[in-house]
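Work through the exercises below with the model in view. Each task is followed by a solution in steps.

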Amino acid sequence: MATEDITYWQALNRALDAELAEDDSVFILGEDVGLYGGSYRVTEGLYAKYGSWRVRDTPISEASFTGLGVGAAMTGMRPVVEIMTINFALLALDPLVNMAAKIPFMSGGQFPMPLVVRMPGGVAKQLGAQHSQRLEHTLMNVPGLRIAVPATPQDAYWQLRQAIASDDPIILLEHDLLYFSKGLLDVEAVPLPMHRAAVRRAGRDVTLVGYSRSVELCLRAARQLADVGIEAEVIDLRSLSPIDWETCITSVEKTHRFIVVEEDCRFAGAGAEVAATLSERCFFSLDAPAKRVAALDIPTPFNGSLESASIPTVEDVISQAQQLCSVADPGVKP
């Protein structure tokens, strides 16, 4: 049977295994990706199967091994760099921003950049401010980088394989709390285009736009909103650069109101870009101003209760949706 119920990390592992088997130019490098099998088990078993030449443990030096990946991509290899956590990616911004994103343009296309960089991030469980960041806003502001944000095992499998096959530098942002979530994987299914958004739930009253783990919040909120007569449509962006605006616009023109849900801080984040662009493009279709549900603009607290209070909840999404629908229809109680 083609369809299996597996975890998110297993889907990533399957994708890496398939690409390593099919193409000798694919190799993995990063801290603890070899003998240890990766911090979240994503490279488990691959070192034993493919050896240390193709699954390479590196010293703790993000700038160095990301730069090594850039150089390898320039010679025609297809490196997959694993940065243990997105927080450490700040040390690798020079090879990512100044090299990977720029070299294909500065060389007039003479040097493609088939580089994939995988990074877990987000708020997990009391990892502290320095290990709970969401840096998609930093990477989105770099022309030349493409960013995928898979929220399901199926997308984790598809989008990682598509990224490795691409000649562009691609960042795969993976949420810490998704690695052990489960979902269906059909390796024989026809993949969606890598940067196309998906309608996860159809609705008529309000559009909830999410990505990565916030899609789960949107779906849970939509189910509860249905109990009070509000049918929410849920859009999973799947990609933050580029963004599939057409799918979003089609939904907003149907529902006439939308909310962007993200775990990143509200100020200057991905939600700000989505809200601004959709408001521009759908202005005459909107019955009410856009709303944003996001994290507080503070470093993530270590205390568990404060940590939970700093990021969006299902209840936050429900409250905003009820308020938005009451503005559009005074007959609906918030």
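**Exercise 1. Describe the stretch 6–181 in this predicted model.**

Solution. Start with the secondary structure: residues 6–181 are 36% helix and 17% strand. Next, take the two ends of the stretch, whose C-alpha atoms lie 8 Å apart. Last, turn to the record: an unreviewed UniProt entry annotates residues 6–181 as "domain: Transketolase-like pyrimidine-binding".

**Exercise 2. Find the cavities of 30 Å³ or more and describe the lining of the largest cavity.**

Solution. Step one is the count, which comes to 1 cavity of 30 Å³ or more. Step two is the volume: the largest cavity holds about 210 Å³ of space. Step three is the lining, made up of 21 residues, of which G122, R134, E136, H175 and S212 are the closest to the centre. Two or more lining residues come from each of β5 (116–121), β7 (170–175), α8 (214–227) and β13 (258–265). Sorted by class, the lining has 9 nonpolar, 6 polar and 6 charged residues. Step four is the domains: domain 1 (4–185) and domain 2 (198–326) each give at least three residues to this lining.

**Exercise 3. State what the salt bridge between D24 and R54 connects, and classify both residues by accessibility.**

Solution. The structure holds 19 salt bridges. In one of them the side chains of D24 and R54 meet, at 3.9 Å from N to O. D24 sits in the loop between α1 (8–22) and β2 (26–30), and R54 in the loop between α2 (46–50) and β3 (55–57), so the pair ties together parts 30 residues apart in sequence. Now compare each accessibility with the cut-offs, under 20% for buried and over 50% for exposed. D24 has 66% relative accessibility and therefore counts as exposed. R54 has 11% and therefore counts as buried.

**Exercise 4. Place the salt bridge between D236 and R200 in the chain, and name the network around this pair.**

Solution. First, the distance: the closest N and O atoms of D236 and R200 are 2.9 Å apart. Second, the positions: D236 belongs to strand β11 (residues 232–236) and R200 to strand β9 (residues 198–201), so the pair, 36 residues apart, links distant parts of the chain. Third, the accessibility: D236 is buried at 0%, whereas R200 is partly exposed at 33%. Fourth, the network: salt bridges with shared partners join D155, R200, D236 and R238.

Note on methods
Residues numbered from 1 in each chain as written. Predicted model: local features only at pLDDT ≥ 70, side-chain atom pairs only at ≥ 80, totals over all residues. Heavy atoms only, no water. 1 Å grid on protein atoms, 1.4 Å probe; cavity = no way out; pocket = protein on both sides within 12 Å on 5 of 7 lines; lining within 4 Å. Points joined across faces, edges and corners; volume = space filled by probe spheres on them. Helix = DSSP H or I, 4+ residues; strand = E, 2+ residues; numbered from the N terminus. Nonpolar A, V, L, I, M, F, W, Y, C, P; charged D, E, K, R; others polar. Domains from an automatic or database assignment. UniProt positions renumbered as here; feature names shortened; annotations may be inferred. Salt bridge = Lys/Arg side-chain N within 4 Å of Asp/Glu carboxyl O. Buried < 20%, exposed > 50% of the residue type's maximum accessible area, 1.4 Å probe, protein only.
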